[in-house]
Amino acid sequence: MNMKKPLCRLLIPLLYVGLCSITNSFAASKQCHFPAIFNFGDSNSDTGGLSAAFGQAGPPQGMSIHHPAGRYSDGRLIVDFIAKKLGLPYLSAFLDAVGSNFSHGANFATAGSTIRPQNTTLHQFGGFSPFSLDVQFNQFSDFQRRTQIFRNKGGVYKTLLPKAEDFSRALYTFDIGQNDLTAGYFHNMSTDQVKAYVPDVLAQFKNTVKYVYDHGGRSFWVHNTGPVGCLPYIMDLHPVKADQVDKAGCATPYNEVAQFFNRELKAAVVQLRKELHKAAITYVDVYSVKYSLISQAKKHGFEESLRACCGHGGKYNYNIHMGCGAKIKIHGKEILLGKPCKDPSVWVIWDGVHYTQAANKWVFDQIVDGSFSDPPIPLNMACHKHP
């Protein structure tokens with residue numbers, strides 16, 4: 001007797017009912033009210049941290065919003081669109097002491113940050129930010145403690161600093177890990193060598209999430225890492241053989257490592273859910289969204305998918321020694337070589353490393369409703385635990 005067909009007919013309705021029950025349980029829940037966002041990350045979500053520490057990122061950064069804003073893009077980042085969707089102001093960088101308002105959260109991300117501390121300085125070749133994830137957590141811990149000391153003094157402090165209860169009701173966002181992978185390539189490691197240290201990287205990530213939980217954090221929104229093999233700064237500096245380039249023009253070996261990292265990150269999130277009983281942790285698959293955008297750019301309304309909008313020379317309009325905004329002096333006169341394209345809104349890649357505002361907005365629009373999340377819940381329901 002053939003049992004395969006009846007078994008399939010039985011399983012499909014059960015799977016459908018299971019998915020519907022998950023979806024319906026969230027639909028019946030109330031929307032979350034997040035009074036604040038605390039963000040940890042790298043340049044994908046840095047809203048001014050590195051600029052405050054090491055000098056402002058000047059023009060043409062921010063050209064689409066008519067002024068540099070500490071972001072490595074022509075405009076807004078995904079974290080900006082998250083804040084706007086939740087009805088909150090754009091996040092001030094923790095390191096930025098001028099004009100900042102922390103009443104609705106703080107951003108501890110800095111460009112070049114890694115999960116694991118690196119033994120390099122920022123300005124050397126392959127150097128990374130000193131503000132690794134452990135440092136970002138220490139900054140957060142100090143921020144949480146000291147803000148309440150000052151807030152209790154009243155006056156202007158009450159308007160500029162978060163309430164004590166906001167720390168447990170806030171959304172904690174993480175977008176970090178890309179630089180941990182690329183750090184290995186800059187040190188001439190093979191893809192296998194990079195994969196070998198991923199478990200240690202994620203062990204440190206898990207520890208930080210636990211520390212935040214111990215400090216009252218309950219709602220976590222975790223982005224996985226994007227397709228680094230599609231970024232000009234990787235493809236230009238670490239070229240691969242022709243048969244290792246996929247149909248989209250991306251370097252397959254580096255993307256395979258990113259996918260390995262993401263599988264391990266998802267497993268880490270599953271384990272954290274078991275250990276942190278009061279936490280709602282949402283894993284967001286931005287890799288799939290970004291790869292879809294790059295591999296089907298024209299379908300999604302973009303004209304350029306792999307070349308940098310802002311840069312100078314080479315196959316990808318990228319040169320590590322002559323980047324976006326770079327100038328040279330000829331006969332005492334400054335000449336801008338790292339010029340931006342005329343219309344960044346139809347380019348995916350901004351400067352060979354980062355995405356344009358238009359690309360960031362497109363990615364956000366795909367993930368905000370929970371279509372690429374585990375569990376499949378929208379951003380404004382991310383305070384609810386998986387049933």
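Helices and strands here are DSSP runs numbered from the N terminus, with at least four residues for a helix and at least two for a strand. In those terms, Pro 375 belongs to the segment that follows strand S10, and the peptide bond that joins Asp 374 to Pro 375 is cis, with omega at about 0°. The model is a predicted one, and the points below take up two helix pairs, one further helix, and several residues with backbone or burial features.

**Helix H8 against helix H10**

- Two packed helices are described by the angle between their axes and the distance between the axes.
- For helix H8 (residues 191-214) and helix H10 (residues 252-275), the axes come within 10 Å and cross at roughly 30°, which makes H8 roughly parallel to H10, since angles under 35 degrees are counted in that way.
- The crossing in which H8 passes H10 is right-handed, and the residues that H8 brings to the contact include Val 194, Val 198, Val 201, Leu 202, Phe 205 and Val 209, while those from H10 include Tyr 254, Val 257, Phe 260, Phe 261, Leu 265 and Leu 272.
- Charged side chains also take part, among them Lys 195, Lys 206 and Lys 210 of H8 together with Glu 264 and Glu 275 of H10, and the contact of H8 with H10 divides by class into 14 nonpolar, two polar and five charged residues.

**Helix H11 against helix H12**

- Helix H11 (residues 286-295) packs on helix H12 (residues 357-367) at an angle of about 130°, and their axes are 10 Å apart; the two helices are therefore oblique to each other.
- H11 passes H12 in a right-handed crossing, in which Val 286, Val 289, Lys 290, Ser 292 and Leu 293 of H11 meet Ala 359, Trp 362, Val 363, Gln 366 and Ile 367 of H12.
- Of the residues in the contact of H11 with H12, seven are nonpolar, two are polar and one is charged.

**Helix H4 and what covers it**

- Helix H4 (residues 133-151) is made of 19 residues and spans 26 Å from its first C-alpha to its last, which is close to the 27 Å expected at 1.5 Å a residue.
- The buried residues of H4 are Leu 133, Gln 136, Phe 137, Gln 139, Phe 140, Phe 143, Gln 144, Thr 147, Gln 148 and Arg 151.
- An α-helix has 3.6 residues a turn, so residues three or four places apart point the same way.
- The cover over the buried residues of H4 includes strand S1 (37-41), strand S2 (105-107), strand S3 (171-175), helix H5 (156-160), helix H6 (166-169) and H8.

**Loop residues and backbone geometry**

- In the loop between helix H2 (49-54) and helix H3 (78-85) lies Pro 60, and the peptide bond that leads to Pro 60 from Pro 59 is cis, with omega near 5°.
- The loop between H2 and H3 also holds His 66, which has a positive phi of about 70° although it is not a glycine; with a relative accessibility of 75%, His 66 counts as exposed.
- Asn 317, in the loop between strand S6 (304-308) and strand S7 (327-330), has a positive phi of about 55° and is likewise not a glycine, but Asn 317 is buried, at a relative accessible area of 13%.

**Ser 373 in strand S10**

- Ser 373 sits in strand S10 (residues 373-374) and counts as buried because its relative accessibility is 10%.
- Leaving aside residues up to four places away in sequence, Ser 373 touches Trp 221, Thr 282, Tyr 283, Val 284 and Ile 367, and Ile 367 is also one of the H12 residues in the contact with H11.

Key:
Residues are numbered from 1 along each chain as its sequence is written. This is a predicted model: local features need pLDDT of at least 70, side-chain atom pairs count only at pLDDT 80 or more; totals for chains, interfaces and linings use all residues. Side-chain values use heavy atoms; hydrogens and water are left out. Axes are lines fitted to C-alpha atoms, for helices over the stretch in contact, and angles run from 0 to 180 degrees between N-to-C directions. Angles under 35 degrees count as roughly parallel, over 145 as roughly antiparallel, 65 to 115 as roughly perpendicular and the rest as oblique. A crossing is left-handed if the near helix is turned anticlockwise from the far one by less than a right angle, and right-handed if clockwise. Contact means heavy atoms within 4.5 Å. The expected span of a helix is 1.5 Å times one less than its number of residues. Buried means under 20% relative accessible area, exposed over 50%, partly exposed in between (1.4 Å probe, protein chains only).
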